[in-house]
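Reader: I am new to reading protein models, and I would like to go through this one step by step. Could you show it to me, so that I can put my questions to you?

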Amino acid sequence: MSFSRTRSQRLFASIAAAAGVASIAFPLAAPWHLIVLVAAAVANVLTGRSLLLGGLVTSIFVTTVLAGLLPSPLAAGVLAATSLALTAPLLGAAFLLFQTSIFSTAIQITAQPLHFFGMEAAAPALLAILIVGFCSWRDWVLTIGAIIATIVMTAVARSIAVSPMGQMFYASLPSIALAAGVAVHSQASKSLPAGVSLLVLLLGASWSATPPRSMDEVYLVLPKADTSPEGKYFKNYEAALSFSGIASKGVSDPGSIPNNAFVLLPWLTAPLDTDGDLGLLMRIADLARKRGWTVILAAEHNDLGGSTKRIAALTQRVTARNDLTVPPGNLDDSGPLHVLGFRAWPHEAILNRGASVHVSTLWDKVLLSGDGWWAERDIGEWLWVGDYIWQKGDRAGRLALSIAFDDGASRWVIVGDNSPLINKQLYADPRPVIQILRNATLWPAFLRDLTLIGLMIIFTWHATGRGGLIKRACLPLFTLLFPLTSLVSTEMQKPPKWRDTYIGQSGFDQRNFNEVFAEHPNLLDGRRVIRVAAPVSNSLALPLSSVLIFAAIDGTARIGNIVLRDCRRLGSLQSSQGPYLMDAQACRIEGDARILIGTQQQAAAVQFSNGPYKATLVLDTAFLAQNSPEENARWLIEQMDPPKRGSSQE
């Protein structure tokens, strides 16, 4: 029985170690990365002292990942590390190191020279092999063998034109196998306290160079180019940010921006000043360094409109590259991305064909990076916008898409694509912009690193063999900080106005109201706008405020103080009252209501009292869709905010 138990412990240790390395080396692609999470979860449950406590903690981790809250690599890395806390704590601490900000930066720094040899897709795996080899230096032969195997497999995959995602997959296999083999005979190491102390010093130096900052109001600097074709994407921009729960103030003179401010420049494909663009850029750069600003800059692909040159002039170093990034499958949404905080990146975010960004020092922070992406080189033709087909010579692997770095008192945050920053995307889904701005403070990354360090210290305490029951319970309970913090962070990223209007539609969905909101932000002024995804049956509770509701009725329903019944579908047609109905229904109205479209027996839009306020109900779920007539929005505004009559006639 003793031999059987030891063999099973070795098996679980191998599974945990394989999952720990895979959390950073295996490409982050849905749904395949869930295999890594499941392996780490199984190992964590079966190696814990308490099956009940271990199962509870593991289920919370898995649930928060599946709910899109906690980043999958972070969850898998932490679960794998805690599985080895007793048997191989040094190896477990290495897996926690993989999840820190400094390791994410090291991957990008390693990938940049590897690009010249076509090996950048292997950067995460090669670094993981070196760290695992350091933890088990007696297995140096296996370590060298894993390095050679990684290089050979990546080279072969690239030579036969395997996709960037496939290159990362094949590159990860030797590192995963090495970790599984090393874990079989790994033991508690006396060098654990020294290793943790060294990492604390390294992270301390990194954070002393780029300390976290607090953000209040955002100051907005936009080009004076309203007639530009791109101007429509930044029209009414302060209102769009307000909808996202972001307080902002547009300025024409950068000199009016105070010290320690957050400054957003989302539109750099047009000159900031048609009379002296370079002079204004130099002034902003100088003020940023003198006043300690945090400046968020949005790049675009292929130096579109001179955006790359403007960013270089501001930051005075190479940051955004002159290339075009392409996500796996050439999709419009980004898919899952590596982040530094506790909150997973919303995979449906519209972040795609922009520019990759360059990391210069170990103190830079890589805020976003994508696996399986590639970057097409610029060919020097201004009409070239890429063919979205990976070719040899293109960057590939884990590409940095957003970074932050400090230069003196200033901080510069580069986002490789401005798609999530345009007004209609803010109305469709502001979570990416909220996360970008919070990432810019570096508080999410700092707190994550701090929590990982705390977990490593507990590992060291475990290795001492003292502490009894308190020590055994402390480790799993401490790990709960990760999913709990992700939950709190997620709730903070859901502004109330967006919650009311979001029904799961993409910014490119023609039935989305985002373009109309961007053009007519006064639709949202002084009232709550509620879109109901599923047809209403029985009743719909209304908030005690002015409210505009877009819904469909199933059977009979009470909304406020009116009852709707005998509903039938109208579809798309021109109403006699003026608006064009897109996908409407008509219902018989019972109660005190003003009929806006139709009759009491067949009404498609009504207005009624909601306590001391007014409620407007439109029985057309596509009334303000992207392809709806402009007159629909204007008519609706007139009904809700009728023009006041003058006190006298002229």
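Reader: What is the handedness of the link between Cys 567 and Cys 587?

Author: In this predicted model, Cys 567 and Cys 587 form a disulfide, with their sulfur atoms 2.0 Å apart. The angle about the S-S bond is 115 degrees, and the link of Cys 567 and Cys 587 is right-handed.

Reader: How many residues apart in sequence are the parts that this pair ties together?

Author: Cys 567 belongs to strand S14, which covers residues 562-574, while Cys 587 belongs to strand S15, which covers residues 580-590. Because the two cysteines sit in these two strands, the disulfide ties together parts whose separation in sequence is 20 residues.

Reader: Is Cys 587 buried or exposed?

Author: Its partner, Cys 567, has a relative accessibility of 25% and counts as partly exposed. For Cys 587 the relative accessible area is 0%, and a residue under 20% is called buried, so Cys 587 is buried.

Reader: How many salt bridges are there, and which residues are linked in a network of them?

Author: The count of salt bridges comes to 22. A network of these salt bridges links Arg 565, Asp 566, Arg 588 and Glu 590.

Reader: How far apart in sequence are the parts tied together by Arg 283 and Asp 253?

Author: Arg 283 forms a salt bridge with Asp 253, and their closest N and O atoms are 2.8 Å apart. Arg 283 lies in helix H12 (residues 277-291), whereas Asp 253 lies in the loop between strand S2 (248-250) and strand S3 (262-265), so the parts tied together are 30 residues apart in sequence.

Reader: Are Arg 317 and Asp 364 buried or exposed?

Author: Arg 317 forms a salt bridge with Asp 364, the closest N and O atoms being 2.6 Å apart. Arg 317 is in the loop between helix H13 (307-315) and strand S5 (323-326), and Asp 364 is in the loop between strand S6 (338-339) and strand S7 (365-377), so the pair ties together parts 47 residues apart in sequence. As for their accessibility, Arg 317 and Asp 364 are both buried.

Reader: Where is Ile 160 placed?

Author: Ile 160 belongs to a nonpolar patch on the surface, together with Trp 140, Val 141, Ile 144, Ile 148, Val 152 and Val 156, and the patch has about 690 Å² of accessible area. Ile 160 is exposed, with a relative accessible area of 57%. Its place is in the loop between helix H8 (140-159) and helix H9 (164-183).

Notes:
Residues are numbered from 1 along each chain as its sequence is written. This is a predicted model: local features need pLDDT of at least 70, side-chain atom pairs count only at pLDDT 80 or more; totals for chains, interfaces and linings use all residues. Side-chain values use heavy atoms; hydrogens and water are left out. A disulfide is a pair of cysteine sulfur atoms within 2.5 Å. Helices (H or I, at least four residues) and strands (E, at least two) are DSSP runs, numbered from the N terminus. Buried means under 20% relative accessible area, exposed over 50%, partly exposed in between (1.4 Å probe, protein chains only). Patches are made of residues with over 30% relative accessible area and no salt bridge: like charges are joined within 9 Å, nonpolar side chains (Val, Leu, Ile, Met, Phe, Trp, Tyr) within 5 Å. Accessible areas come from the Shrake-Rupley method with a 1.4 Å probe; for residues, only the protein chains shown count as cover. A salt bridge is a side-chain nitrogen of Lys or Arg within 4 Å of a carboxyl oxygen of Asp or Glu.
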